[in-house]
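Me: Could you take a close look at one part of this model for me, namely the packing on the inside? I'd like one connected walk-through, please, and feel free to start wherever suits you.

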Amino acid sequence: MSGKKLSEKEEARKAVSSQQSQRAGMPERELVSRVGSEIEQKPIEWLWPGRYPCGKLTMLAGDPGLGKSQVALDAVRCVTTGADWPDGEKGSGVGANVIIVSAEDDADDTMMPRLDFTAAELSRVTVVEASRPIGDNERRGPVNLIADIEALRKKIDEIGGVKL
């Protein structure tokens, strides 16, 4: 293929991409990258060794009824009380705070009763129930991790000592 045709195709692709971003209400984006040899390697700090890394998003996924909620809520118990992990790994011995964002279970009739049953320290649990525009107490909607990530970071900083 000639350089001219490639250039025309590239220009057309850029124009379409820019139009799609504008229609979506998003500014045009660019990639940020680093060369592997310039990246300082660091060990992972674990909350629950081999399972929950500190400071990283952890998701439990699977078919309904497999116990994802029970696993998550038991992890909340371990973190809020400092208890040992279910596999025998030593816990911290000191309770820490937890923030929960759930798209499935309600806090009042499902999560809190289950956490209370596990003997989690409920005063260390914050449940994010919805998001809304700043200053607008009327409009509420589901949490959107893309749109609400900065608000979530602010809430974590506000709570302090959040480990899970």
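Reply: **A close look at the packing**

Let's start on the outside and work inwards. The side chains of E158 and K155 are joined by a polar contact of 3.1 Å. E158 sits in helix α4, and its relative accessibility of 58% is why it counts as exposed, given that the cut-off is over 50%. Keep in mind that everything here comes from a predicted model.

Before going in, here's the overall layout. The protein chain has four helices and four strands, and reading along the sequence gives the pattern α-β-β-α-β-α-β-α. Of its 164 residues, 19% are buried. If you take the contacts between residues at least 6 apart in sequence, 45% of them join residues at least 24 apart.

Now for the inside. Which residues have the most contacts within the largest nonpolar core? That core has 17 residues, and the ones with the most contacts inside it are Y52, V76, V79, W85, I100 and L115. At least two core residues come from each of β1 (46–48), α2, β3 and α3. The biggest giver is α2, which supplies five.

It makes sense to look at α2 next. This helix covers residues 68–81. It has 14 residues and spans 20 Å from first C-alpha to last, close to the 20 Å expected at 1.5 Å a residue. Its buried residues are L73, A75, V76, R77, C78, V79 and T80; note that R77 is on that list along with the nonpolar names. What do the buried residues of α2 pack against? They pack against β1, β2 (52–53), β3, α3 and β4. Right after the helix comes G82, with a positive phi near 80°.

Y52 is a good place to see how the core is knitted together. Setting aside residues up to four places away in sequence, Y52 touches W46, L47, T58, L60, V71, A75 and W85. Two of those names have come up already: A75 is one of the buried residues of α2, and W85 is among the core residues with the most contacts.

That leads to the rings. The aromatic pairs come to three. In one of them, W48 and W85 are stacked, with 4.6 Å centre to centre and 10° between the planes. This pair links distant parts of the chain: W48 belongs to strand β1, while W85 lies in the loop between α2 and β3, 37 residues apart. Both W48 and W85 are buried. Add Y52, and ring pairs tie W48, Y52 and W85 into a cluster.

On to α3, another of the core's suppliers. Helix α3 runs over residues 107–118, and its buried residues are A107, T110, M111, L115 and T118. Down the helix axis these residues fall within an arc of 120°, so they line one face of α3. The other side has D108, D109, D116 and F117, which are exposed. Which elements help cover the buried residues of α3? They include α2, β3 (98–101) and β4 (125–128).

T118 shows one piece of how α3 meets α2. Leaving out neighbours within four places in sequence, T118 is in contact with L73 and R77, and both of those are buried residues of α2. The T118 side chain also has a polar atom 2.8 Å from the backbone oxygen of L115.

Just past α3 we come back out to the surface. A119 lies in the loop between α3 and β4. Its phi is positive, near 70°, and it isn't a glycine. Most residues other than glycine have a negative phi. A119 has a relative accessible area of 52%, which means it is exposed, as the cut-off is over 50%.

One more loop to finish. A147 is in the stretch between β4 and α4 (149–159), and it counts as exposed because its relative accessibility is 61%, over the 50% cut-off. The C-alpha atoms of A147 and S131 are 9.6 Å apart, with their positions 16 residues apart along the chain.

Terms used
Residues are numbered from 1 along each chain as its sequence is written. Side-chain values use heavy atoms; hydrogens and water are left out. Buried means under 20% relative accessible area, exposed over 50%, partly exposed in between (1.4 Å probe, protein chains only). The arc is that of the directions from the helix axis to the C-beta atoms. Contact means heavy atoms within 4.5 Å. A nonpolar core is a set of buried Ala, Val, Leu, Ile, Met, Phe, Trp, Tyr and Cys residues joined through side-chain atoms within 4.5 Å. Rings of Phe, Tyr and Trp (its six-membered ring) pair if their centres lie within 6.5 Å; planes under 30 degrees apart count as stacked, over 60 as edge-to-face and the rest as tilted. The expected span of a helix is 1.5 Å times one less than its number of residues. A polar contact is a pair of N or O atoms within 3.5 Å; within protein, one must be able to donate a hydrogen and the other to accept it, and residues adjacent in sequence count only if both atoms are side-chain atoms.
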